[in-house]
Amino acid sequence: MGSNFEFVNPQFFWLFLILPVLVLWYLWKRKQQTASLKISSVSGFKSSRNWLARLKPLLFVLRLLALSALIIAMARPRTVDESTKTKTTRGIDIVMAIDVSASMLARDLKPNRLEALKTVAARFINGRPNDRIGLVEYAGESYTRTPLTSDKTIVLSSLKNITYNTTIEGGTAIGSGLATAVNRLKESRAKSKVIILLTDGVNNSGFIDPKIASELAVEFGIKVYTIGIGSNGMAMSPIGIRPDGGFQYGNVQVEIDEALLKEIAAKTGGQYFRATSNTKLEQIYEEINKLEKTDIEEFKYTHYDEMFRPWAIFALILIGFEFLLRTTVFKGFL
């Protein structure tokens with residue numbers, strides 16, 4: 001809520017230019033109406049009410065103050081309190097299908113592809129407070145890590161805990177990952193259903209053809225945005241396991257089935273993106289965030305507190321007081 005002070009009719013302030021003119025007119029008129037008499041001595045005259053004559057200009061001052069108060073009242077001062085309330089009318093359900101194969105540990109993105117993705121995806125999730133989001137992991141097979149939920153704490157915690165492990169069969173089953181994501185969205189009644197499918201390789205595992213999975217997405221009205229992650233050319237990737245259990249790295253040719261990813265995106269009404277760096281990956285998620293907007297209604301409530309009445313009443317009081325003084329105390333001097 002915000003509170004502001006304003007004048008509805010500020011043009012009336014131009015009337016203040018009249019006040020100096022009135023002052024000059026009053027001084028000129030007073031000088032013209034004042035008669036002077038020169039005598040050698042005033043000792044024979046006794047004045048007990050000389051102070052009233054000196055206070056006579058007070059009547060004019062009261063009129064000026066009353067006029068000033070009326071000008072302010074006509075300018076219509078008021079305070080404005082505004083409050084807004086937002087209401088999400090139609091949300092979006094989003095499933096992020098993430099490739100967690102060993103190649104996602106390649107270091108062409110910093111510190112590696114998987115960690116770079118997790119950082120960018122976390123910001124994307126935080127930027128979708130009104131939508132439900134789910135997570136699917138896939139390598140040689142796929143499974144749902146987090147079903148659709150509006151609880152971002154759960155999604156972010158699950159995303160943070162995604163790591164490469166040997167529990168999932170090795171390989172890259174793009175079809176299985178996409179099919180699992182479709183399965184999570186097929187019963188959704190959201191106004192828009194979206195899958196963000198990310199991979200750094202080619203489909204070489206699984207029992208579901210990616211093209212069949214994309215046809216399922218079309219059948220259920222699901223839009224798929226595909227992202228190929230990996231630099232062009234060679235990248236430092238795991239090529240073996242050392243005796244201590246750690247990965248041995250070597251330069252490996254980056255192979256991404258861009259033709260397949262473009263086909264999936266085109267068939268489902270989505271778009272294909274290529275992330276060759278951390279910055280590019282971040283830009284891609286920002287672009288998807290702009291493309292998929294949730295409809296939000298905003299209601300604005302405005303309360304006006306009019307303040308011209310006190311000024312008008314003050315002006316009337318001054319006019320009444322001036323009239324009272326003029327017809328009583330200063331009556332003999334008019």
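This tour moves from the whole chain to two helix pairs that share helix α7.

Begin with the entire protein in view, bearing in mind that this is a predicted model. The protein holds 10 helices and 11 strands, and of its 334 residues 38% count as buried. Among contacts with a separation of 6 or more, 81% are between residues 24 or more positions apart. If you switch on the surface, about 19200 Å² is exposed, with carbon and sulfur atoms supplying 56% of it.

Next, select residues 174-185, which form helix α6, together with residues 210-219, which form helix α7; their axes lie 8 Å apart and the packing angle is about 15°. Since angles under 35 degrees count as roughly parallel, α6 is therefore roughly parallel to α7. The crossing of α6 past α7 is left-handed. Showing side chains here, you will find I174, G175, L178, A179 and V182 of α6 meeting P210, A213, S214, L216 and A217 of α7. The residues of this contact comprise eight nonpolar and two polar ones, with no charged residue.

Now keep α7 selected and add residues 258-268, helix α8, which packs with α7 at an angle of about 20°, the axes being 9 Å apart. That angle makes α7 roughly parallel to α8, and the crossing of these two helices is right-handed. On the α7 side, select P210, K211, S214, E215, A217 and V218, which meet L260, E263, I264, K267 and T268 in α8. The residues of the contact of α7 with α8 divide into five nonpolar, two polar and four charged.

How values were computed: Residues numbered from 1 in each chain as written. Predicted model: local features only at pLDDT ≥ 70, side-chain atom pairs only at ≥ 80, totals over all residues. Heavy atoms only, no water. Axes fitted to C-alpha atoms, helices over the stretch in contact; angles between N-to-C directions. Helix = DSSP H or I, 4+ residues; strand = E, 2+ residues; numbered from the N terminus. Parallel < 35°, antiparallel > 145°, perpendicular 65-115°, else oblique. Left-handed = near helix turned anticlockwise from the far one by under 90°. Contact = heavy atoms within 4.5 Å. Nonpolar A, V, L, I, M, F, W, Y, C, P; charged D, E, K, R; others polar. Buried < 20%, exposed > 50% of the residue type's maximum accessible area, 1.4 Å probe, protein only. Areas by Shrake-Rupley, 256 points an atom, 1.4 Å probe, with all protein chains shown as cover.
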